[in-house]
Structures are given as structure tokens and as C-alpha cells.
Amino acid sequence: MRNEAIKRVALVFTLFDVDGNEVLEADDFDLMSSRVAAAVPDADEARKQAMRAGFTRYWNTLAGELDSDHDGRITYDEYRACVLSPERFSGAIDEFAAGFARLGDLDGSGTVARPVFIGMMRGVGFDLPNIHALFDAFEPDDDDRIRVDVWEAEIKNFYAPDKGGIPADLLAVSPAA
Ligand SMILES: [Ca+2]
Ligand SMILES: [Ca+2]
């Protein structure tokens, strides 16, 4: 497990605890997917449903694998175990990554415009400078759009315990003072 991966995983816990009560619950995932959907009002319903399905499966997988005391909530101590067995989460993360990134491809062009990317990532709770840094790392084209498949792949990298020194790390660093 690389240090960068631990930082990313810790950040995810903080962000997914949308209501800030220090445990993950189904409500947190509903809240976050609603915020993400609200960030892209022009997205079609099928894409929104795929995104929501990704969040739901991710939560169900976390709850099924990590809720050691079966109370329907995941504490940080329970959650940390996810880094020990990433293979149990890969299917859920693949679906989550696809549903999330593709929501941003509003016109089916295979690309995502910066304002849409910013809105969705703000919906998750990342900080604005980090979001711009990641978008720039994806080498936007002349129309300031990035490829949706590049984004989708990087979401998977974000959760990969053996990856470090990757664009996704830009989300987990504090902005330079
Ligand atoms: Ca919570
Ligand atoms: Ca629990």
C-alpha cells in the first residue's frame, strides 16, 4: 500500500461522509449522488440513473464487505480494511467510475467540458484548485475538454493501492500556500 493511496482513501472517507457525522451510511451516498446530479441538470436521465446505480452499488459493496458489526454504518476503522483487499471492490469501483465519468459526457462526444467537470467534482466535495489541477493534467484540447475514458481510468487509479505519482494524487494534496 503506497502512502499516496492511503491519503486518497482517507480523503474519500471524509468526502463520502457528506453529513459529517463521522460514519458512512446509505444516506451519505444518496446525498452525494443528488449533488452530483444537480451539478449537471442537462444530463439525460439514463446517464443520471447509471451514475446513481454506481453510487448505490459502491455503498452496498462497502456495507457488505466492511460493516463488521452490522450496524448499517461504516466507521473509519471499519473502512480502512478496504485497502487490504482492493480486489473485493474492483467491480463496484469499475461501475462507479463508468457511471460517474460518463455522466459528464453530456453530448455523447466522448469528452467532458471543464465547467461540467468542475461542477461534478464540487458535488463530490473536492477543492477547486485540486479540481482544476486534475483537469489540466488530463491535457484538455483546444475546446478545453478532456476525454471521458481518460477520466474514467483515473477514477479507477484513484482507488488502486499500488498507484502513486499519478494525476489522481492532485486531488489529495493541499493547495500550495
Ligand atoms: Ca455520514
Ligand atoms: Ca459498522
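**Helix α2**

I began by listing the buried residues of α2: Asp28, Phe29, Met32, Ser33, Val36, Ala37 and Ala39. Seen down the helix axis, these residues fall within an arc of 165 degrees, so they line one face of α2. The general rule fits here: an α-helix has 3.6 residues a turn, so residues three or four places apart point the same way. I then looked up what covers this face, and the elements include α1, α3 and α6. This is a predicted model, so I note every value below as computed from it.

I also checked the length of α2. Its 14 residues should span 20 Å at 1.5 Å a residue, and the end C-alpha atoms are 20 Å apart, which agrees.

**The whole chain**

Next I counted elements. The protein chain has eight helices and two strands, and along the sequence they run in the pattern α-α-α-α-α-β-α-α-β-α. I compared the radius of gyration, 15 Å, with the 16 Å that the globule rule gives for 177 residues; the two are close, so the chain is as compact as a globular protein of that length. The C-alpha trace spans about 50 × 35 × 30 Å along its principal axes.

I looked up burial for the chain as a whole: buried residues make up 31% of the 177. I also looked at the contacts with a separation of 6 or more, and 70% of them join residues 24 or more positions apart.

**The largest nonpolar core**

I asked which residues have the most contacts inside the largest nonpolar core. They are Phe55 and Met120, in a core of 38 residues. Six helices each supply at least two residues of this core: α2 (26-39), α3 (45-66), α5 (90-103), α6 (114-124), α7 (128-137) and α8 (148-158). The largest share, six residues, comes from α5.

I followed Met120 further. Not counting residues up to four places away in sequence, Met120 touches Val36, Ala39, Val40, Leu103 and Gly104. Val36 and Ala39 are already on my list of buried residues of α2.

**Helix α6**

Met120 is one of the buried residues of α6, the others being Phe117 and Met121. They cover an arc of only 95 degrees around the axis, which puts them on the same side of α6. I looked up what the buried residues of α6 pack against and found α2, α5, β1 (111-113), α7 and β2 (145-147). Just after the helix, Gly125 takes a positive phi of about 115 degrees.

**Positive phi outside glycine**

I then searched for residues other than glycine with positive phi. As background, most residues other than glycine have a negative phi. Glu22 has a phi near 70 degrees. Glu22 sits in the loop between α1 (3-16) and α2. I wanted to know whether Glu22 is buried or exposed, and I have it as exposed, because 11 other C-beta atoms lie within 10 Å and the limit for exposed is 12 or fewer.

His70 also has a positive phi, of about 50 degrees, although it is not a glycine. His70 is in the loop between α3 and α4 (76-80). With 7 other C-beta atoms within 10 Å, His70 is exposed.

**Leu11 in α1**

I looked up Leu11, which is in helix α1. Leu11 has 17 C-beta neighbours inside 10 Å and so counts as partly exposed, since buried would need 20 or more. Leaving aside neighbours within four places in sequence, Leu11 is in contact with Leu171 and Ala172. I also took the distance to Tyr58, which is 47 residues away along the chain: the C-alpha atoms are separated by 16 Å.

**Lys163 after α8**

My last entry is Lys163, in the segment after α8. Where does Lys163 make contacts, leaving aside its neighbours within four places in sequence? I found Arg2, Ala5 and Asn157. Lys163 is partly exposed, with 17 other C-beta atoms within 10 Å. For a distance back to α2, I took Ala39: Lys163 and Ala39 are 124 residues apart in sequence and 29 Å apart in space, C-alpha to C-alpha.

Note on methods: Residues numbered from 1 in each chain as written. Chains lettered and ligands numbered in written order. Predicted model: local features only at pLDDT ≥ 70, side-chain atom pairs only at ≥ 80, totals over all residues. Core = buried A, V, L, I, M, F, W, Y, C linked by C-beta atoms within 7 Å. Helix = DSSP H or I, 4+ residues; strand = E, 2+ residues; numbered from the N terminus. Contact = placed C-beta atoms within 7 Å. Arc of directions from axis to C-beta. Rg over C-alpha atoms; globule rule 2.2 N^0.38 Å. Expected span 1.5 Å × (residues − 1).
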